[in-house]
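The exercises below are meant to be worked through with the coordinates open beside the text. Try each task before reading its solution.

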Amino acid sequence: MKIHEYQAKNLFKKNGLPVPKGRVTSNSEEAIDISKEIGFPSVVKAQVHVGGRGKANAIELVKDEESCEKASKRILGMDVKGFPVHSVLIEEAANIDKEYYLGLILDRNLKDNILMVSAMGGVDIEDVAENHPESILKIPLNFSSSIEDKDIEKVLSFLKLKDSLKAGFVDVLKGLVDVYFQNDAQLAEINPLVLTKEENWLACDGKVLIDDNALFRQQELKELKEDLESNEIEREAHKKGIAYVKLDGDVGIIGNGAGLVMTTMDEVSRAGGKPANFLDIGGGAKKEVMEQCLEVIYSDAQVKGLFINIFGGITRCDEVARGLVEVLKTREKSIPIVLRLAGTSSEEGRAIIEPLDSVITAETMSEGAKKIVAAMS
Ligand code: GDP
Ligand code: MN
């Protein structure tokens, strides 16, 4: 379960971590009030479940009431990589000297929690990992839910912090470890952890992912869950009972069975595409379900192509094909669609879509992935 930056920062605050003064709002007039209250300059930050807001122009530094109003209106009306902005966090602006990265993450392969630290904060940690792997220190916590002194020493010497900054940094580090374990998180990250010109530490961004399986013992967080499905498309899909997760790519994906859908997403990535979603139509889906699934995919403006990968079993390929035909009838112009049908009644399914020249067929999953990426470029 994803939570918003302001919610992550509330968890930080509860554990004594230093966060900028601020408040969330969904209205530009209140945004001005908050700004006046905390003082200018302040920052207006879109609250959406996707990173890279800085680059996407969804964060703005404002110096007075007028620019605050303008920025809040602009950001509240925008959509960041397909995620509409419903609220903004207004915060006091930090006087940044240096940006660090601090994160804890569950490594499923090692089945251990890993602490990651870098002096190259502020930018996407995946980019840092790719281009400057030596600048990230990774320390497994060895199945403990706290950090050992010798590991703290390792971190401090890696970052070469001057003595006067060490105590404050260690407090942040220990606080983040507590946030991570107390909330059953799978990820808790501060990026950037800012060292201000006044030599204070400040968590200027926060990202926390909570393990869904632990929500039964996290009542408070569970109550947030409804808010948290902040993405309209996800909310609509879930109302219809469709297993759908919005992602930030542009290749729409439909498949039957969670495993097949995941593999399809991997294949698309391997072929150089970026999946726009996870969507499992489930077993035995009828034509109507397929139609609803397509509507969900089409409601995502980010989607520029669609790969449908069905391995017929209980799900009949002809039903899937009929649903697709129905929906395409109502559309003037279609995005490129690649359809791969295998198994139960795949022959029939292929015969049904045969007259549609907008649909490209594929024999195998990897062929389909390559075809959709090619058709979109
Ligand atoms: P993200 O792009 O979604 O990860 O959003 P962040 O909250 O990490 O902000 C991105 C970048 O905006 C940061 O790395 C900073 O460089 C800048 N930024 C964010 N808050 C402040 C602030 O209070 N003051 C200043 N000067 N820059 C900020
Ligand atoms: Mn960030």
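**Exercise 1.** In which loop does Pro-41 lie? Then describe the peptide bond that precedes this residue in the predicted model.

*Solution.* Begin with the location: Pro-41 lies in the loop between helix 2 (28–38) and strand 2 (42–46). Next, inspect the bond that joins Phe-40 and Pro-41, which is cis, with omega about -5 degrees.

**Exercise 2.** Find the residues that coordinate the manganese ion (ligand 2), and work out which parts of the chain they tie together.

*Solution.* First, list the donors: Asn-191 (O) and Asp-205 (OD) coordinate the manganese ion at 2.2 to 2.3 Å. Second, place them in the chain: Asn-191 belongs to strand 10 (residues 185–196), whereas Asp-205 sits in the loop between strand 11 (201–203) and strand 12 (207–210), so the pair ties together parts that are 14 residues apart in sequence. Third, check accessibility, where both Asn-191 and Asp-205 turn out to be buried. Finally, follow the backbone from Asn-191 to Pro-192, where the peptide bond is cis with omega near 10 degrees; Pro-192 is found in strand 10.

**Exercise 3.** Determine the sign of phi for Lys-81 and for Asn-142, and describe the setting of each residue.

*Solution.* Start from the general expectation that most residues other than glycine have a negative phi. Lys-81, in the loop between strand 4 (79–80) and strand 5 (83–84), has a positive phi near 50 degrees, and is partly exposed at a relative accessible area of 30%. Asn-142, in the loop between strand 9 (136–140) and helix 5 (149–159), has a positive phi of about 55 degrees, and is partly exposed at 46%.

How values were computed: Residues numbered from 1 in each chain as written. Chains lettered and ligands numbered in written order. Predicted model: local features only at pLDDT ≥ 70, side-chain atom pairs only at ≥ 80, totals over all residues. Heavy atoms only, no water. Donors = N, O, S within 2.8 Å, 3.2 Å for Na, K, Ca; no water. Helix = DSSP H or I, 4+ residues; strand = E, 2+ residues; numbered from the N terminus. Buried < 20%, exposed > 50% of the residue type's maximum accessible area, 1.4 Å probe, protein only.
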